[in-house]
Amino acid sequence: MAAQATFKSIKSLVPLLDRVLVQRFKPETKTATGIFLPTSATSNPLPEATVIAVGPGAPNKDGVIVPTTVKAGDRVLLPGWGGNAIKVGEEEYFLFKDSEILAKIKE
């Protein structure tokens, strides 16, 4: 797992360049019928997340800023690896590069 940083407020964290701050969806611990799922079934993080904040973009080889492809509030599909963990109180967030995000989920 990547290094973890701890902050008091998520508002104090502003992503730079093409970084995207996301919060992964938490797996359900109980089914709709009320059956509790075992820890082994809920220990793997889901590949979906909500974008919390994005950086302004990164410069390309010509020095022109290329904006990020997602915006705050988007639902995205993440790879099973990577990202830097950020802890704010009991909540956990992750910083990914824009290019590491696999897809934007539209519903």
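Biologist: What makes the contact between Glu 48 and Arg 75 a salt bridge?
Modeller: In this predicted model, the N to O distance between the two side chains is 2.4 Å. The cut-off is 4 Å between a side-chain nitrogen of Lys or Arg and a carboxyl oxygen of Asp or Glu, so the pair qualifies.

Biologist: And how do you know that this salt bridge ties together separate parts of the chain?
Modeller: Look at where the partners sit. Glu 48 belongs to strand β3 (residues 48-54) and Arg 75 to strand β6 (residues 75-77), so the bridge joins parts that are 27 residues apart in sequence.

Biologist: Why are Glu 48 and Arg 75 put in the class they are in for accessibility?
Modeller: Glu 48 has 26% relative accessibility, and Arg 75 has 26% as well. Buried needs under 20% and exposed needs over 50%, so 26% falls in between. That makes Glu 48 partly exposed, and Arg 75 is partly exposed too.

Biologist: How many salt bridges does the rule give?
Modeller: The count comes to 4. Among them is Lys 71 with Asp 74, where the closest N and O atoms are 3.3 Å apart. Another of them is Lys 104 with Asp 74, at 3.8 Å.

Biologist: Why does Lys 104 with Asp 74 still count at 3.8 Å?
Modeller: The limit is 4 Å, and 3.8 Å is within it, so the pair is called a salt bridge. This pair also links distant parts of the chain: Lys 104 is in strand β9 (residues 103-105), while Asp 74 is in the loop between β5 (65-66) and β6, 30 residues away.

Biologist: What makes Lys 71, Asp 74 and Lys 104 one network?
Modeller: Shared partners do. Asp 74 bridges to Lys 71, and Asp 74 also bridges to Lys 104, so the three residues are joined by their salt bridges.

Biologist: Which members of that network are buried, and which are exposed?
Modeller: Asp 74 has a relative accessible area of 9%, which is under 20%, so Asp 74 is buried. Lys 71 stands at 52%, over the 50% mark, so Lys 71 is exposed. Lys 104, at 40%, is partly exposed.

Biologist: How do you know that Asp 98 has no salt bridge?
Modeller: The nearest side chain of opposite charge is Lys 104, and it is 8.5 Å away. A bridge has to be within 4 Å, so Asp 98 has none, although Asp 98 is buried.

Biologist: What surrounds Asp 98, then, leaving aside neighbours within four places in sequence?
Modeller: Asp 98 lies in the loop between β8 (91-97) and β9. Asp 98 is in contact with Asp 18, Val 20, Thr 68, Thr 69 and Val 70.

Biologist: Why is the pair of Phe 94 and Phe 96 called tilted?
Modeller: The planes meet at 40 degrees. Stacked would need under 30 and edge-to-face over 60, so 40 degrees is tilted. The centres are 6.5 Å apart, and the search of the whole structure finds 1 aromatic pair.

Biologist: Are these two rings buried or exposed?
Modeller: Phe 94 has 10% relative accessibility and Phe 96 has 1%. Both values are under 20%, so Phe 94 and Phe 96 count as buried.

Biologist: What makes you say that Arg 24 lies over the face of Phe 94?
Modeller: Arg 24 is 5.1 Å from the ring centre. The distance limit is 6 Å, so that part of the test is met, and Arg 24 is listed as lying over the face.

Biologist: What makes the phi of Leu 17 worth pointing out?
Modeller: Most residues other than glycine have a negative phi. Leu 17 is not a glycine, yet its phi is positive, about 50 degrees. Leu 17 sits in the loop between β1 (4-7) and β2. Its relative accessible area is 44%, between the 20% and 50% cut-offs, so Leu 17 is partly exposed.

Biologist: Which elements make up the whole chain?
Modeller: There are 1 helix and 9 strands, running β-β-α-β-β-β-β-β-β-β from the N terminus. Buried residues make up 29% of the 107 residues.

Note on methods. Residues are numbered from 1 along each chain as its sequence is written. This is a predicted model: local features need pLDDT of at least 70, side-chain atom pairs count only at pLDDT 80 or more; totals for chains, interfaces and linings use all residues. Side-chain values use heavy atoms; hydrogens and water are left out. Helices (H or I, at least four residues) and strands (E, at least two) are DSSP runs, numbered from the N terminus. Buried means under 20% relative accessible area, exposed over 50%, partly exposed in between (1.4 Å probe, protein chains only). Lys and Arg count as positive and Asp and Glu as negative; His and the chain ends are not counted. Contact means heavy atoms within 4.5 Å. Rings of Phe, Tyr and Trp (its six-membered ring) pair if their centres lie within 6.5 Å; planes under 30 degrees apart count as stacked, over 60 as edge-to-face and the rest as tilted. A charge sits over a ring if NZ of Lys or CZ of Arg is within 6 Å of the ring centre and within 35 degrees of the ring normal.
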